[in-house]
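Open the model in your viewer and keep the sequence panel visible. This tour says what to select at each stop and what is there.

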Amino acid sequence: MTKDELAVALAEKTGQSKSQSLHAIDSVMEIMSDTLIKGNDVYLRGFGTFRIVHRKARQGRNIAKNTTVAVPERNVVKFIPSKNLKRKV
């Protein structure tokens, strides 16, 4: 599902216009991004948790060239689904 499809589904469900739904989705995504950038988790009851996880530097492999490459350390967003979502899926 794309953001546009999500906006259409939200508009149908709430009776809002598509542009209002897009604005609401953009606002929620901005708030979630800001929260994660600050290092805090985003917990959505019944859906799951978004959390920042630090990945250490490691050695990876380029299979096409059969060489070793250095993968730098970085922070990534990890999603942990709720028990309710796991059960439904």
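The stops below follow one helix and then a pocket in this predicted model.

**Stop 1: the helix.** Select residues 18-37, which form helix α2. How far apart are its end C-alpha atoms? They are 28 Å apart, and this agrees with the expected span, because 20 residues at 1.5 Å a residue should also give 28 Å.

**Stop 2: the buried side.** Within α2, select Ser-21, Ile-25 and Leu-36, the buried residues of this helix. These residues cover an arc of only 40 degrees around the axis, so they lie on the same side of α2. An α-helix has 3.6 residues a turn, so residues three or four places apart point the same way.

Now show what the buried residues of α2 pack against: α1 (3-14), β1 (42-44), β2 (48-55) and β5 (74-81).

**Stop 3: the other face.** Turn the helix and select Ser-19, His-23, Glu-30, Ile-31 and Ile-37. These are exposed residues on the face of α2 turned away from its buried side.

**Stop 4: just past the helix.** Select Gly-39, which comes just after α2 and takes a positive phi of about 95 degrees.

**Stop 5: the largest pocket.** Select Leu-6, Ala-24, Ile-25, Val-28, Met-29, Met-32, Leu-44, Phe-47 and Phe-50, which line the largest pocket. About 270 Å³ of space lies in it. Which element gives the largest share of the lining? Helix α2 does, with five residues. Colour the lining by residue type: nine residues are nonpolar, none is polar and none is charged.

Notes:
Residues numbered from 1 in each chain as written. Predicted model: local features only at pLDDT ≥ 70, side-chain atom pairs only at ≥ 80, totals over all residues. Heavy atoms only, no water. Helix = DSSP H or I, 4+ residues; strand = E, 2+ residues; numbered from the N terminus. Expected span 1.5 Å × (residues − 1). Buried < 20%, exposed > 50% of the residue type's maximum accessible area, 1.4 Å probe, protein only. Arc of directions from axis to C-beta. Contact = heavy atoms within 4.5 Å. 1 Å grid on protein atoms, 1.4 Å probe; cavity = no way out; pocket = protein on both sides within 12 Å on 5 of 7 lines; lining within 4 Å. Points joined across faces, edges and corners; volume = space filled by probe spheres on them. Nonpolar A, V, L, I, M, F, W, Y, C, P; charged D, E, K, R; others polar.
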